[in-house]
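Me: I would like a close look at one part of this model, with enough of the rest to place it. Please keep the wording plain.

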Amino acid sequence: MIRCLFLVLAMMLLAAPAFAVNPDEVLADPALEARARALSAELRCMVCQNQSIDDSNADLAKDLRLLVRERITDGDSDEAVLNYIVSRYGEFVLLKPRFSMKTGLLWGAPVLLVLAGGLSLLFLARRRAGKPTGSKLTAEEQAQLTELLKK
């Protein structure tokens with residue numbers, strides 16, 4: 001039983017990652033294929049959602065890979081291909097969303113929260129620094145202190 005478990009574990013660890021691009025999808029020109037692969041790595045599979053279309057075996061991912069290659073062979077720039085796909089599927093199709101006014105708050109919120117927290121701590125520390133931390137000495141304690149200091 002343990003041997004079988006080790007065998008399954010070894011097979012899982014030794015398995016090389018397989019890309020979903022089929023040989024019939026590969027472009028003849030290596031430069032165009034490299035561009036297609038780079039663009040495919042930036043696009044999210046709408047079925048899997050945690051994989052790029054380059055890694056996904058879903059039918060929609062294959063269609064998107066073919067669309068990317070078609071647009072590239074038609075002479076579109078990388079930016080034009082991405083813009084075309086985003087216009088059809090929305091910003092969610094990008095694995096790394098673009099910075100825009102819509103996403104500005106999302107990108108800036110963590111920085112703003114850290115700055116607000118730091119400023120709050122700074123003001124609180126300054127406010128407490130000017131205030132005495134203990135109570136006044138009683139007359140008896142003051143007398144004892146004066147007597148100790150005279151020695």
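What share of the contacts in the protein chain with a separation of 6 or more comes from residues 24 or more positions apart? After that, please look closely at the span that UniProt lists as "transmembrane region".

Reply: The model is predicted. Among contacts in the protein chain with a separation of 6 or more, 52% are between residues that are 24 or more positions apart. A contact here means heavy atoms within 4.5 Å of each other.

Now the span itself. The label "transmembrane region" comes from an unreviewed UniProt entry, which gives it to residues 104-125. In the model, 100% of residues 104-125 is helix and 0% is strand. From one end of the span to the other, the C-alpha atoms are 31 Å apart.

The rest of the protein chain gives the setting. There are six helices and zero strands, and the order from the N terminus is α-α-α-α-α-α. The protein chain has 151 residues, and 21% of them count as buried; the cut-off for buried is under 20% relative accessible area. The exposed area of the protein chain is about 11,700 Å², with 64% of it supplied by carbon and sulfur atoms.

Some side-chain details concern rings. The count of aromatic pairs is zero. Rings do take part in another arrangement, with a charge over the ring. Arginine 44 places its charged end over the ring of phenylalanine 92, at 4.4 Å from the ring centre. Arginine 71 has its charged end over the ring of tyrosine 84, and here the distance to the centre is 3.8 Å.

Methods:
Residues are numbered from 1 along each chain as its sequence is written. This is a predicted model: local features need pLDDT of at least 70, side-chain atom pairs count only at pLDDT 80 or more; totals for chains, interfaces and linings use all residues. Side-chain values use heavy atoms; hydrogens and water are left out. UniProt positions are given in the numbering used here, feature names are shortened, and annotations may be inferred rather than shown by experiment. Helices (H or I, at least four residues) and strands (E, at least two) are DSSP runs, numbered from the N terminus. Buried means under 20% relative accessible area, exposed over 50%, partly exposed in between (1.4 Å probe, protein chains only). Accessible areas come from the Shrake-Rupley method with a 1.4 Å probe; for residues, only the protein chains shown count as cover. Rings of Phe, Tyr and Trp (its six-membered ring) pair if their centres lie within 6.5 Å; planes under 30 degrees apart count as stacked, over 60 as edge-to-face and the rest as tilted. A charge sits over a ring if NZ of Lys or CZ of Arg is within 6 Å of the ring centre and within 35 degrees of the ring normal.
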